[in-house]
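Reader: I would love a close look at one part of this model, the cysteines and how they pair up. Could you take me through that slowly, and then show me some of the surroundings?

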Amino acid sequence: MWPLVVLLLLGSARCGSAQLIFNTTKSVEYTVCNQTVVIPCFVNNMEAKSIAELYVKWKFKGKDIFIFDGGQQKSKPSDNFTSAKISPSELLNGIASLTMDKRDAVLGNYTCEVTELSREGETIVELKYRVVSWFSPNENILTVIFPILAILLFWGQFGVVTLKYKSSYTKEKTIFLLVTGLVLTIVVIVGAILFIPGEYSTKNACGLGLIVIPTAILILLHYYVFMITMGMSFFTIAILILQVLGHVLSVVGFSLCVSECTPVHGPLLISGLGIIALAELLGLVYMKCVASNHKTIQPPRKAVEEPLNAFKESKGMMNDE
């Protein structure tokens, strides 16, 4: 009786050991930030003592794409997967994962077949692509909102200039502010359209550049607005310096972000854009306070004296005649 039981146990053990057992992975994902793609294949009950005992085959849609012959110590990738490879040194540990460049990665089901002398087995892993946003949703919103807010505040300052300060002196400069402001608004809107959708790409990087770099124009417009209305003072100079600081921070953040697929300097970029918007807000509040104390904002003294002197000279010439 006992010999029969022993034989049955040995037989069942041999049957169980005839099949390689894999650590099942249903799917694996890669993103635009991956330079290489790894498709896992792990054997849990590997018993081989030499690589010569192993034979690995990877298939895609029923066709062989990579073969490793341990007996010949030779790897053979297919023409469509030239970058495919495995690590022979890790095979004895049960690791037969396939590594390839992202350019060779094709979405679909990959089959890993491993043969260890008389034992064999296979597992199927699906390769998927996952779209990830370049910036987080909150960072996307703030990156677009702050420049647009700064432009809206500039248009508020422009409204103060046109309503409270009316003279021939400001006509040409008002036209300059209007045209430049419109161009800046269009550029930033186009940049926002290119920047917002999706993952890291040249298009998104160009869109971010159209949002960040042209904000330097706001500094020039702010300067012209101050010169037309109240002239330069300690407070207006401080506002312009704050705005320059914000632009420098945003440009530095931009240059650091475009060099990385996963930007870690987004807060620096956003803080710079926020400072620019803050400077525009302070400028508008200051102008409103000055405008509330005067029925009409007076031009700088030099701008008034020149036409006045010209009028006196012409009047003197008429009297002489």
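Which residue does a disulfide join to C33, and what is the S to S distance?

Author: Happy to take you through it. Please keep in mind that this is a predicted model. The disulfide joins C33 to C261, with an S to S distance of 2.0 Å. The torsion about the S-S bond of C33 and C261 is about -80°, so this disulfide is left-handed. The link ties together distant parts of the chain, as its two ends are 228 residues apart. C33 sits in the loop between β1 (27-30) and β2 (36-39), while C261 belongs to the loop between α6 (234-257) and α7 (266-292). As for solvent, C33 has a relative accessibility of 26% and counts as partly exposed, because the buried class ends at 20% and the exposed class begins over 50%.

A search of the whole structure finds 2 disulfides, so there is another one to visit. C41 and C112 form a disulfide as well, with 2.1 Å between their sulfur atoms. The C41 and C112 link is left-handed too, with -75° about the S-S bond. This pair also connects distant parts of the chain, 71 residues apart: C41 lies in the loop between β2 and β3 (54-60), and C112 lies in strand β7 (residues 108-116). Both ends are hidden from solvent. C41 has 1% relative accessibility and counts as buried, and C112 is buried with a relative accessible area of 0%.

Put the two links together and you get the pairing pattern. With the bonded cysteines of the protein chain numbered in sequence order, the pairing is 1-4, 2-3. Two further cysteines are worth a glance for their surroundings. C257 is buried, at 0% relative accessibility, whereas C289 is partly exposed, with a relative accessible area of 41%.

Now for the promised surroundings, beginning with the strands. R119 is found in strand β8 (residues 119-129). Although R119 carries a charged side chain, its relative accessible area is 7%, and R119 is therefore buried. Two polar contacts give its side chain partners. A polar atom of the R119 side chain lies 2.7 Å from the backbone oxygen of N45, and a polar contact of 2.4 Å joins the side chains of R119 and E116.

Another strand residue to look at is F66, in β4 (residues 63-69). F66 has 1% relative accessibility and counts as buried. Leaving out residues up to four places away in sequence, F66 touches V56, K57, W58, S75, K76, P77, A84, K85, I86 and L98. For a sense of scale, F66 and S83 are 17 residues apart in sequence, and their C-alpha atoms are 9.8 Å apart in space.

From here we can turn to the helices, and α6 is a good one to follow, since the loop with C261 lies between α6 and α7. Two packed helices are described by the angle between their axes and the distance between the axes. The axes of helix α5 (residues 216-229) and α6 come within 9 Å and cross at roughly 175°. At that angle, α5 is roughly antiparallel to α6, because the class covers angles over 145 degrees. On the α5 side the contact is made by A216, L218, I219, H222, Y223 and F226, and on the α6 side by T236, I239, L240, Q243, V244 and H247. By class, this contact has 8 nonpolar, 4 polar and no charged residues.

Helix α4 (residues 202-212) also packs against α6, with axes that come within 10 Å and cross at roughly 170°. The two helices α4 and α6 are therefore roughly antiparallel to each other. Here A205, L208, G209 and V212 in α4 meet H247, S250, V251 and F254 in α6. The contact of α4 with α6 has 5 nonpolar, 3 polar and no charged residues. H247 of α6 is listed in the contact with α5 and also in the contact with α4.

To step back to the whole, the protein chain has 8 helices and 8 strands. Buried residues make up 38% of its 321 residues. Among contacts between residues at least 6 apart in sequence, 66% join residues at least 24 apart. The two disulfides fit into that picture, with ends 228 residues apart for C33 and C261 and 71 residues apart for C41 and C112.

Notes:
Residues are numbered from 1 along each chain as its sequence is written. This is a predicted model: local features need pLDDT of at least 70, side-chain atom pairs count only at pLDDT 80 or more; totals for chains, interfaces and linings use all residues. Side-chain values use heavy atoms; hydrogens and water are left out. A disulfide is a pair of cysteine sulfur atoms within 2.5 Å. Helices (H or I, at least four residues) and strands (E, at least two) are DSSP runs, numbered from the N terminus. Buried means under 20% relative accessible area, exposed over 50%, partly exposed in between (1.4 Å probe, protein chains only). A polar contact is a pair of N or O atoms within 3.5 Å; within protein, one must be able to donate a hydrogen and the other to accept it, and residues adjacent in sequence count only if both atoms are side-chain atoms. Contact means heavy atoms within 4.5 Å. Axes are lines fitted to C-alpha atoms, for helices over the stretch in contact, and angles run from 0 to 180 degrees between N-to-C directions. Angles under 35 degrees count as roughly parallel, over 145 as roughly antiparallel, 65 to 115 as roughly perpendicular and the rest as oblique.
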